[in-house]
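Welcome! Here are some short exercises to work through with the structure at your side, each followed by a solution in steps.

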Amino acid sequence: MRLDKYLAHSTGLSRKEVKRALHSKSVTVNGAMVRDASFQLQEDAEVLFNKQLVSAPKHRYLMLNKPQGYVCSHEDPNHPTVAGLLEAEIRANELNIAGRLDVDTTGLLLVTTDGQWLHKITSPNHKQAKRYLVETADAIAVQTIDLFAKGVALKGEKNLTKPAVLEIIETHMAYLTITEGKYHQVKRMLAAVGNKVEGLHRSQIGGVVLGDDLALGEFKALSPEQVALLA
């Protein structure tokens, strides 16, 4: 990790304050004064700031129950942001969201400061399953189960979607589990079979399930076991 990033994460200093500290010769690494912000630290490096030992920053892993009307970004001129719900926990420039949701979609978001962990969740090679509760405009035809299991053609896509699991629970409501993350995929899959999504809520990513104990807009830390489920 770069020295300036390490200091910012572990001390809460701004980038300008970190630069001033480095130029004022206030930082040493393994006993040697370092002024280069891009200096790459080894895992076992001993960093002192103003002669005080600086502890290595710990990554944060959170789950959030996203409300409707919020956007998955740092800033937006028209809507409240997920970053605003988390500003007391994670600074905006450290915020990484796994599996962004549309503004009108609710449910499970995973938020972390760990870019490598994020990649394991979002990379197509890892095929993390995502489960959604879908409410539709029209009754869901039973044959849609087989169509989704075989894959459907989305507008503008050359290849069929990967096999998906559809569980019809009411005439206009079903659970849909997918292993891809195409743009507006669930809405486009229902459109491909002549239906329309009226409501969409994500309840699960991989082995992590959004429980009933987390109200809309609330968040909590993932347990070490939950973090490991997605690693």
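**Exercise 1. Decide whether N50 is buried, partly exposed or exposed, then do the same for its neighbour in the chain, K51.**

Step 1. N50 has a relative accessible area of 47%. Buried means under 20% and exposed means over 50%, with partly exposed in between, so N50 is partly exposed.

Step 2. K51 has a relative accessible area of 77%, so this residue is exposed.

Step 3. Now find them in the chain. N50 sits in the loop between β3 and β4 (52–53), and K51 belongs to the loop between β3 and β4 as well.

Step 4. Look at the backbone too. N50 is not a glycine, yet its phi is positive, at about 55°. K51 likewise has a positive phi, near 70°, in a residue other than glycine. Please keep in mind that the model is predicted, here and in every exercise below.

**Exercise 2. Find the residues that touch the most other members of the largest nonpolar core, and say which elements supply this core.**

Step 1. The largest nonpolar core holds 28 residues, and V134, F148, L176, V186 and M189 are the ones that touch the most other members.

Step 2. At least two residues of this core come from each of β5 (61–66), α3 (82–86), β7 (106–112), β8, β10 (173–178), α6 (185–192) and β11 (197–205).

Step 3. Take V134 and set aside its neighbours within four places in sequence. V134 is then in contact with H172, M173, A174, L176, V186, L190, V197, G199 and L200.

Step 4. There is also a second, separate core, made of 17 residues, with L3, V18, L22 and A45 among them.

**Exercise 3. Say which residues of helix α1 are buried, and what covers them.**

Step 1. Helix α1 runs over residues 3–11, and L3, Y6, L7 and A8 are buried in this helix.

Step 2. The cover over the buried residues of α1 includes α2 (15–23), β1 (27–29) and β3 (47–49).

**Exercise 4. Work out what kind of aromatic pair Y61 and W117 form.**

Step 1. The structure has one aromatic pair.

Step 2. The ring centres of Y61 and W117 lie 4.9 Å apart, with 80° between the planes. Planes over 60 degrees apart count as edge-to-face, so that is the class of this pair.

Step 3. The pair links distant parts of the chain: Y61 is in strand β5 and W117 in helix α4 (residues 115–122), 56 residues apart.

Step 4. Both Y61 and W117 are buried.

**Exercise 5. Describe the surroundings of I121.**

Step 1. I121 lies in helix α4. Its relative accessible area is 7%, so I121 is buried.

Step 2. Apart from neighbours within four places in sequence, I121 is in contact with A98, L110, Q128, I205 and L230.

Step 3. For a sense of distance, pick C72. I121 and C72 are 49 residues apart in sequence, and their C-alpha atoms are 16 Å apart in space.

**Exercise 6. Trace salt bridges that link distant parts of the chain.**

Step 1. The structure holds eight salt bridges. One of them joins the side chains of D102 and K187, at 3.2 Å from N to O.

Step 2. D102 is in the loop between β6 (96–98) and β7, while K187 is in helix α6, 85 residues apart. D102 is partly exposed at 22% relative accessibility, and K187 is partly exposed at 23%.

Step 3. E157 forms a salt bridge with K182, with the closest N and O atoms 3.5 Å apart. E157 is in the loop between α5 and β9 (165–170) and K182 in the loop between β10 and α6, 25 residues apart.

Step 4. Shared partners join E157, E180, K182 and R188 into one network of salt bridges.

**Exercise 7. Find what makes the nonpolar surface patch of about 230 Å², and place V142 in the chain.**

Step 1. The patch is made by V142, I145 and I168.

Step 2. V142 is in the loop between β8 (130–136) and α5 (144–150).

Step 3. V142 has a relative accessible area of 60%, so this residue is exposed.

Note on methods. Residues numbered from 1 in each chain as written. Heavy atoms only, no water. Patch = residues over 30% accessible without salt bridge, like charges linked within 9 Å, V, L, I, M, F, W, Y side chains within 5 Å. Areas by Shrake-Rupley, 256 points an atom, 1.4 Å probe, with all protein chains shown as cover. Salt bridge = Lys/Arg side-chain N within 4 Å of Asp/Glu carboxyl O. Helix = DSSP H or I, 4+ residues; strand = E, 2+ residues; numbered from the N terminus. Buried < 20%, exposed > 50% of the residue type's maximum accessible area, 1.4 Å probe, protein only. Core = buried A, V, L, I, M, F, W, Y, C linked by side-chain atoms within 4.5 Å. Contact = heavy atoms within 4.5 Å. Phe/Tyr/Trp six-rings, centres within 6.5 Å; stacked < 30°, edge-to-face > 60°.
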